[in-house]
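Me: I'd like to go through some labels on this model and ask what earns each one. Can you give me the cut-offs as we go?

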Amino acid sequence: MTKVIHFCEGELALHNFILPICRFSTSKFIVFAGNINSVCQVPWNVLKVSSYVKFSFKKPRDVLYLFPSILFILIVLIRIRPDIVVSHMTLNSPLVLISAFILQIQKRIYFNHGFSYLGYKGLNRFLLFIFEYINFLFSTVVVCVSPSQRECALNNRFLPPTTCVSTLPGSCAGLPVKAYISLNDLNAKQSSILDISCPINIAYVGRPVKRKGFPMILDIIRSTESLLRVTGVTETIFHFTIVGVSENHSISIDCLSQLNTMKHVKIEFIAHTDDVMSYLHRSSIFILPSFHEGFGY
């Protein structure tokens, strides 16, 4: 049976991206996960790596972990001798892919999950692109999160040529057919938008940070409120559902406090949920969190 090793960092990536992908695989797989707090809710073949091992290097002091991390990856690959190595995310992948290349692992898959450099300018864009270049150079297959992201990679003449494929449009693992609404539901959405007595539901899913476009969301809400105040409208016109943000979040508490006084815009905060799709289904407009997420533009 084919042996597959996945490398990833973070509980969000592990539970939302990697494990759902692995469950559809018929191969024997092992996941080495860094930066996770608990292993009690993961399968037996998900192994938490030691604190001295880092797959990504986001801060200058992370360079201190470079040698032990490379040594750990090499030992794992030598002992298990996998047929396939899968590395996830832009910053997490260079060390894994280079190590797999050194040991001549025949199939080295880079699962991209979104091109980070697309959301930046200047030096940050250049540095993130260098990471992408390394990942493309040492991988044998690149998996993009949507057909549009694949086209973006193929059209970039500065990236090394490699086999590039994509998931279905929609998300990191592709949306199944059952995720799409029926024609009757679509007609109902259109009718509700035209009915002035029904507030238009707008959904935002993501963390309240600049990279996710959250300041822009606040500007949209403020502008909407200002326009409606001038028109003399008294009823609620827009219902903003903000998923992933709590009212007392340390980053956004000052801005959010200003929004609570608005009369024409109702805001609902959903700090945590296991059913994001239910909020997307009832919304008429969905604001994409960031350009490089690859949500099937």
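Me: Where is Arg-81 found?

Reply: Arg-81 is in the loop between α2 (66-80) and β4 (84-88), with helices (H or I, at least four residues) and strands (E, at least two) taken as DSSP runs numbered from the N terminus. This is a predicted model, where local features need pLDDT of at least 70 and side-chain atom pairs count only at pLDDT 80 or more, while totals for chains, interfaces and linings use all residues. Residues are numbered from 1 along each chain as its sequence is written, and side-chain values use heavy atoms, with hydrogens and water left out.

Me: Why is Arg-81 called partly exposed?

Reply: Its relative accessible area is 43%. Buried means under 20%, exposed over 50%, and partly exposed in between (1.4 Å probe, protein chains only), so Arg-81 gets the middle label. Its phi is near 50°, a positive value in a residue other than glycine. Most residues other than glycine have a negative phi.

Me: What makes Asn-35 count as exposed?

Reply: Asn-35 has 62% relative accessibility, so it counts as exposed. This residue is in the loop between β2 (28-34) and β3 (46-48), and its phi is positive too, about 60°, although it is not a glycine.

Me: How do you know that Cys-8 has no bond to Cys-22?

Reply: A disulfide is a pair of cysteine sulfur atoms within 2.5 Å. The closest cysteine sulfur to that of Cys-8 is in Cys-22, 8.4 Å away, so that's too far for a bond. As for Cys-144, the nearest cysteine sulfur is that of Cys-164 at 3.6 Å, and Cys-144 is in no disulfide. Searching the whole structure gives 0 disulfides.

Me: Why is Cys-144 called buried?

Reply: Because its relative accessibility is 0%. Cys-8 is buried as well, at 1%.

Me: What makes Asn-201 buried?

Reply: A relative accessible area of 10%, so the label fits. Asn-201 lies in strand β8 (residues 200-205). Leaving aside neighbours within four places in sequence, Asn-201 is in contact (heavy atoms within 4.5 Å) with residues including His-239, Thr-241 and Arg-282.

Me: Which side chain of opposite charge is nearest to Lys-189?

Reply: Asp-185, 8.2 Å away. A salt bridge needs a side-chain nitrogen of Lys or Arg within 4 Å of a carboxyl oxygen of Asp or Glu; Lys and Arg count as positive and Asp and Glu as negative, with His and the chain ends not counted. So Lys-189 is buried yet has no salt bridge. Lys-189 sits in helix α6 (residues 183-194).
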